[in-house]
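Please take me through this model in the viewer, one selection at a time, and tell me what to look at on each stop.

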Amino acid sequence: MRRSVGICFLVLLLLFAPVFGGAAGDRVLCVGMRGADVAALQGLLVELGHELAVDGIYGEQTEGVVKRVQRLAGIKEDGIAGPDTRRVLGDPKSSIIPYTVQSGDNLSQLARRYNTTVSVLASYNRLSNPDRLLAGQVILIPPASLAVLGRPRPKLIWPVRGPITSGYGQRVHPITKARHFHGGIDIAVPQGTPVKAAANGRVIKAQAMGNYGLGIVLDHNGYTTWYGHNSKLLVRPGEKVRQGQTIAQSGRSGLATGPHLDFRIKIGDQTIDPLK
Ligand SMILES: [Zn+2]
């Protein structure tokens, strides 16, 4: 009897999930809650490979899986599915993939398949013997950004030489006066100064980028370098560039008080301090 009630509840949830999914999607979910949005969360977790009943009831099992995802993603491990957790789950680049080892698999094969390295997988999973995987064992594939962090950071050269007029970190924007995080460093250079590729790489963007002006983005094996406020772009997307090659002429396009290069380094959407 109890069981059939449960099944009935689940069927109702599945019927109404598409209707209520969007409207109720913004609730912060935690233990004790029920609803289509809980079922949607559970469905997402199952899709990502976690073992979980999709019953629309936020119980200890769901809390446990949410905590595990939070721990692996490096966000607050409170078992509550709020905006941060949704962001992690919603962004496939930052999601953890549990992989069940098949007989014949080895770590270097998996590393290649998931675009990471043997040492990242070994340390992420605390594998004492990376040469020996057992069929049925679950290996967690870390978020892409963590996988990239495990790679050697490219050796960079300065794209231009000049005084740093604004560093990386919190600042008051010179034009908008808004307090915000500056994800790059501004290097003051005269208009038309050759801007050099900081490392060997491939052009993934060369275009107008709003406030960032005429910008270029180069990829270096998962790390990207960004060059903003140029007056002229000299490369196109898809092109390979060599370290030191002139890729643009500096300028003051976009939102800039004067001619300068705004130089950034990123992994995925995350900026890192170029001076560290
Ligand atoms: Zn800047």
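Select His229 to begin: in this predicted model, His229 is a buried residue, its relative accessible area being 4%. Colour by secondary structure and you will find His229 in strand E10, which covers residues 223–233. If you then inspect the backbone, note that His229 has a positive phi of about 70 degrees, although this residue is not a glycine.

Next, select the zinc ion and display the side chains of His182, Asp186 and Asp262, which are its protein donors, through NE2 of the histidine and OD of each aspartate, at 1.8 to 2.2 Å from the ion. Along the chain, these donors follow the spacing H-x3-D-x75-D. Because Asp186 belongs to strand E6 (residues 185–188) and Asp262 to strand E13 (residues 260–267), this pair ties together parts that are 76 residues apart in sequence. With the surface switched on, consider each aspartate in turn: Asp186 has 5% relative accessibility and counts as buried, and Asp262, at 3%, counts as buried too.

Stay at the zinc site, but now centre the view on His182, which is placed in strand E5 (residues 179–182). His182 is buried, with a relative accessible area of 0%. Which backbone oxygens lie 2.9 Å from a polar atom of the His182 side chain? One belongs to Gly167, and another belongs to Gly184. Leaving aside residues up to four places away in sequence, the residues that His182 touches are Ser166, Gly167, Tyr168, Gly169, Arg171, Asp262 and Arg264; Asp262 in this list is also one of the zinc donors.

Now hide the ion and select Val195, Ile216, Leu218, Tyr227, Val241, Ile247 and Phe263, the residues with the most contacts inside the largest nonpolar core, a set of 22 residues. To see where this core comes from, add the strands that each supply at least two of its residues: E6, E8 (201–208), E9 (214–220), E10, E12 (246–250) and E13. Of these, E13 gives the most to the core, with four residues. Two of these strands will be familiar from the metal site, as E6 holds Asp186 and E13 holds Asp262, while E10 is the strand in which His229 lies.

For a last stop, move to a second, separate core of 14 residues, and select Leu52, Tyr58, Val66 and Val69, which are among its members.

Note on methods:
Residues numbered from 1 in each chain as written. Predicted model: local features only at pLDDT ≥ 70, side-chain atom pairs only at ≥ 80, totals over all residues. Heavy atoms only, no water. Donors = N, O, S within 2.8 Å, 3.2 Å for Na, K, Ca; no water. Buried < 20%, exposed > 50% of the residue type's maximum accessible area, 1.4 Å probe, protein only. Core = buried A, V, L, I, M, F, W, Y, C linked by side-chain atoms within 4.5 Å. Polar contact = N/O pair within 3.5 Å; in protein donor to acceptor, adjacent residues only side chain to side chain. Contact = heavy atoms within 4.5 Å.
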